[in-house]
Amino acid sequence: MSLEDLYREVIIDHYRSPRNREPLKHADTRAEGVNPLCGDEVTVELELSEDGSIDAISVRGQGCSISQSSASMMSELVKGKSRDEIEEVVEKFRAMMDLDGDATDVIDPEKPGSVLGDIEALYGVRKFPVRIKCANLPWTTLAEALERTN
Ligand code: ZN
C-alpha cells in the first residue's frame with residue numbers, strides 16, 4: 001500500500017466513524033467554527049480539570065471529509081493532555097500544514113504516524129492549499145474554546 005493510500009484510508013475511517021462525537025453534559029467551554037469557503041462547520045466542547053488539562057472533548061459538525069476527519073483525529077490527540085502538551089501539539093500541527101516550512105522537520109514521512117498519530121494523514125492536504133483551511137478549522141475552533149477559559 002502506498003503512503004497516499006494509507007493516508008486516504010485513515011481520513012475516510014475518521015470521516016465515517018468520527019471519534020468523540022457525543023455532546024458533553026457539563027462542558028466548561030465551547031466554540032463553533034465555520035469555513036464559508038467549503039461550508040464546513042465544527043463545534044468543540046471541552047471539560048477541563050482544575051489544572052486546565054482536557055478531561056473530555058466533544059467535536060461534531062458537518063462538511064467535507066478533510067474538516068470532519070481532522071476534527072476526529074484532533075479530539076483523539078488532545079484528550080487527556082495538559083495545556084503545555086496541547087500547545088506543543090497545536091504548534092506541530094500548524095508547522096506540518098505550513099506551506100512556508102518543510103514539514104519534514106516536524107514529522108518523519110518514513111514513519112507515518114510516529115509523531116502526531118493518525119492526523120499525519122492530513123500531510124497530503126498540503127498539495128491542495130485551498131483545503132488547508134478545512135484541515136485547520138477544528139484546530140482554530142479548539143483554540144477559541146480554550147481562549148474563552150483564560
Ligand atoms: Zn472543507
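Let me begin with an interface: Val10, Ile11, His14 and Tyr15 in helix α1 meet Ser65, Ile66, Gln68, Ser69, Ser72, Met73 and Glu76 in helix α2. Sorted by class, the residues in this contact of α1 with α2 are five nonpolar, five polar and one charged. I should state at once that this is a predicted model.

Now to the geometry of the pair. Helix α1 covers residues 3-16 and helix α2 covers residues 65-78; they pack at an angle of about 85 degrees, and their axes lie 8 Å apart. Angles of 65 to 115 degrees count as roughly perpendicular, so α1 is roughly perpendicular to α2.

Let me turn to α1 itself. Its 14 residues, at 1.5 Å a residue, should span 20 Å, and the C-alpha atoms at its ends are indeed 20 Å apart, so the two values agree.

Which residues of α1 are buried? They are Tyr7, Val10, Ile11 and His14. Viewed down the axis of α1, these buried residues fall within an arc of 95 degrees, and therefore they line one face of the helix. Helix α2 is included in what covers them. Val10, Ile11 and His14, listed here as buried, are also among the α1 residues that meet α2.

Finally, a residue in a strand. Asn35 belongs to strand β1, which comprises residues 29-35. Is Asn35 buried or exposed? Its relative accessible area is 4%, and buried means under 20%, so Asn35 is buried. What does Asn35 contact, if neighbours within four places in sequence are left aside? Asn35 is then in contact with Asp40, Lys133, Cys134 and Leu137.

Technical notes
Residues numbered from 1 in each chain as written. Predicted model: local features only at pLDDT ≥ 70, side-chain atom pairs only at ≥ 80, totals over all residues. Heavy atoms only, no water. Axes fitted to C-alpha atoms, helices over the stretch in contact; angles between N-to-C directions. Helix = DSSP H or I, 4+ residues; strand = E, 2+ residues; numbered from the N terminus. Parallel < 35°, antiparallel > 145°, perpendicular 65-115°, else oblique. Contact = heavy atoms within 4.5 Å. Nonpolar A, V, L, I, M, F, W, Y, C, P; charged D, E, K, R; others polar. Buried < 20%, exposed > 50% of the residue type's maximum accessible area, 1.4 Å probe, protein only. Expected span 1.5 Å × (residues − 1). Arc of directions from axis to C-beta.
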